[in-house]
Amino acid sequence: MSPATRRLTTAQALVRFLSAQYTERDGVRRRLIAGTWGIFGHGNVAGIGQALVEYADVMPYHQGRNEQSMVHAAVGHARHLNRLSAQAVTTSIGPGATNLVTGAALATINRLPVLLLPGDYFASRVADPLLQQLEHPVAADVSVNDTLRPVSRYFDRVTRPEALIPSALNAMRVLADPAETGAVTLALPQDVQAEAYDWPEEFFAERVWHVRRPAPDPVELAAAVEAVRAARRPLIVAGGGVHHSEAEQALKAFVDATGIPVASTQAGKGSLRHDHPADLGGIGHTGTAVSDALARTADLVIGVGTRYTDFTTASGTLFQNPDVRFLNLNVTGFDAHKLAARTLVCDARTGLEQLTGALAGHRVDAAYVSEYRAGKERWEEVVEAAYRAEDDSAAPTQTQVLGALDAVVGDEDVVINAAGSLPGDLHKLWRARSPRQYHLEYGYSCMGYEIPAALGVQQAAPGTPVWALVGDGTYLMMPTELVTAVQERLPVKMVLIQNHGYASIGGLSEETGGERFGTAYRHRAEDGTFTGAPLPVDLAANAASLGMDVLRAKTVRELREALAEARASDRPTCVYVETDPAPTAPPAEAWWDVPVAEVASREAAVRARERYDSQVAGRRRHL
């Protein structure tokens, strides 16, 4: 007897297949593809678009305004749900597809799952050249979708209906694998999308992808225990892998048992609650004084779920103890081997639990605990000073904006940011109260991430207050998904901070001899410089024109009132505030390498190079 089949188009088969995929970890099941974002054009409207109509009862559809933004929204969703659920994004061919590249890079760099479904040219080549087709002179099988290959963890072009079966299964395998996940691209020629095929019924059966918790190798575990027992000044660097593994309680148990302090990367902040006595806050270029001081003298650095970016290592200048060694617990061998470390390749929660058990009775010296706790207390005074406003009737500084928000949010609130000067201030100062509260995308530090990511988080956590902290530079990059928030009735809260330019890069430009060139939003003067008055733009009015409720705050007092009103609102709400540009954030406690011109005639660049040469001399290669 022939196996049962179902005659569907390729696009219909794919949507039906996606609706039946689940993940499971620790006995909890989730939809693997919880919904599909889409903007339609000739490359997908009659294929995937028709299929989403056909199966609207099993595949939720979300309408976006920008293809890059849709990927950001999907990434925000996946991160908030610890990578156990993802969303798909469908686009047309041409610019719709190439607009995916930035979002795909962000997803893959941050190890976050998203499924990309761009349209592609006719596989049959009957319409050639097609509207928006890239006619490559020596490679006829190349399309603009090939730009997604280097930023995808898995890529396939489905040129026949039956080829979808292995390709779709491989796509799910990668999305659900904590060691492999990232952006997955299935390029779909538009004629193949609409072509019918007799699909085996088994293809549409419910399928559960078990998300592994690999245990450490016994030999590696024994070596790790030996390294920890021998260390006198160990320091944990908690990365995003702690959150992805839901290992926060395992980390707390390890720290409570051993007394080893924890410093966090941008992705790992909140691994311990801010008021835990061993939580030292951020580490690296934007880290706290206590974290960076301990990092310089640490003899063992225990990295848990971190990629060790240059912000974390202060471009190789932070870990200065001549005898420092590294022990890296990571689900991927690629990251575990960084800095010539001893490796513990395993799931973060499983590894921490086994390490805690194997170290039973071991604890660091009481004097070391007293040292870092005293440093933590001193840093808390710095935070209080940065947050404090002596005059409630004055315009707030940026750090006072954070202080006002800190006073309003609850443990369940989520704060989202990605670029500008805010990530540094937040990493140093924010008091993370729960594992999911601090949502900083700093693997790619992508301007424009915050607003769409807030939509994805709000979808993942209905009823949770979600805050998008947005500077004027980021807002002007990508405000369009505010319309989506209004359309989808997603009550996100946006704090829009106006400081009239790229303040973060302006400061970096000044430090590196660039004299803040091209970083201010101002009129061009007669001599060609941008030194005139600020541009007369009204970003609050723009947000209102896109459907947001807008609250304008001119003083610290008005800001506090506006934030409280926004938090209570059940509509998308913008709190607009123009900040005092005077810097009030604590200065950087560690260096960051941005190469400076080796020769120059301008004095600012000459002085910057002198400073650079003095700093770069402290770089180490850990071998």
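In this predicted model, Ile165 is partly exposed, with a relative accessible area of 21%, a value that falls in the intermediate class because burial is assigned only under 20%. Ile165 belongs to helix α6, which covers residues 164-175. The C-alpha atom of Ile165 is separated by 8.8 Å from that of Leu14, although the two positions lie 151 residues apart along the chain when counted as sequence separation.

Salt bridges were examined next. Across the whole structure, the search finds 33 of them. One of these is formed by Arg560 and Asp392, whose closest N and O atoms are 2.9 Å apart. This pair connects distant parts of the chain, since Arg560 is placed in helix α23 (residues 556-568) and Asp392 in the loop between α15 (366-387) and α16 (398-408), with a separation of 168 residues. Neither partner reaches the buried class: Arg560 is partly exposed, with a relative accessible area of 34%, and Asp392 is likewise partly exposed, with a relative accessible area of 23%.

Helix α23 also contributes Arg567, which forms a salt bridge with Glu412, the closest N and O atoms being 3.0 Å apart. Here too the link joins distant parts of the chain, with Arg567 in helix α23 and Glu412 in the loop between α16 and β18 (414-417), 155 residues apart. Arg567 is partly exposed at a relative accessible area of 26%, and Glu412, at 47% relative accessibility, is also counted as partly exposed, because the exposed class begins only over 50%.

A further salt bridge is found between Arg433 and Asp406, with 3.1 Å between the closest N and O atoms. Arg433 is located in the loop between α17 (422-429) and β19 (438-440), whereas Asp406 lies in helix α16, so that the pair, 27 residues apart, is again counted as linking distant parts of the chain. Both Arg433 and Asp406 are buried. In addition to these pairs, a network of salt bridges links Asp26, Arg213, Asp347, Arg349 and Glu353.

The strands β18 and β19, named above as boundaries of loops, take part in an open sheet of 6 strands, which has the order β19-β18-β20-β21-β23-β22 and parallel pairing. The edges of this sheet are formed by β19 and by β22 (549-553), each of which pairs on one side only. On average, and with direction ignored, neighbouring strands of the sheet are turned by 20° against each other. At one edge, β22 runs parallel to β23 (residues 573-578) and is joined to that strand by 5 bridges. Within this pairing, the bridge partner of Val550 is Cys574 in β23.

Enclosed space was then considered, and the count comes to 2 cavities of 30 Å³ or more. The largest cavity has a volume of about 190 Å³. Its lining consists of 19 residues, of which His274, Asp279, Gly281, Lys376 and Trp379 are the closest to the centre. The elements that give two or more residues to this lining are β14 (279-282), α15 and α17, and the greatest contribution is that of α15, with 4 residues. When the lining of the largest cavity is divided by class, 8 residues are nonpolar, 5 are polar and 6 are charged.

The second largest cavity contains about 30 Å³ of space. The residues that line this cavity are Ile451, Ala454, Ala468, Leu482, Val492, Lys493 and Met494, and the elements giving two or more residues to the lining are α18 (450-460) and β21 (493-498). Strand β21 is also a member of the open sheet described above. By class, the lining of the second largest cavity comprises 6 nonpolar residues, no polar residue and 1 charged residue.

Among the pockets, the second largest holds about 240 Å³ of space. This pocket is lined by 18 residues, and those closest to its centre are Tyr121, Phe122, Arg125, Ala140 and Asp141. The lining of the second largest pocket is made up of 8 nonpolar, 4 polar and 6 charged residues.

Definitions and conventions: Residues are numbered from 1 along each chain as its sequence is written. This is a predicted model: local features need pLDDT of at least 70, side-chain atom pairs count only at pLDDT 80 or more; totals for chains, interfaces and linings use all residues. Side-chain values use heavy atoms; hydrogens and water are left out. A salt bridge is a side-chain nitrogen of Lys or Arg within 4 Å of a carboxyl oxygen of Asp or Glu. Buried means under 20% relative accessible area, exposed over 50%, partly exposed in between (1.4 Å probe, protein chains only). On a 1 Å grid over the protein atoms alone, a cavity is a set of points where a 1.4 Å probe fits but cannot get out, and a pocket is an open set with protein on both sides within 12 Å along at least five of seven lines; lining residues have an atom within 4 Å of a point. Grid points are joined across faces, edges and corners, and a volume is the space filled by probe spheres set on the points. Ala, Val, Leu, Ile, Met, Phe, Trp, Tyr, Cys and Pro count as nonpolar, Asp, Glu, Lys and Arg as charged, and the others, Gly among them, as polar. Two strands pair if DSSP finds at least two bridges between them. Axes are lines fitted to C-alpha atoms, for helices over the stretch in contact, and angles run from 0 to 180 degrees between N-to-C directions.
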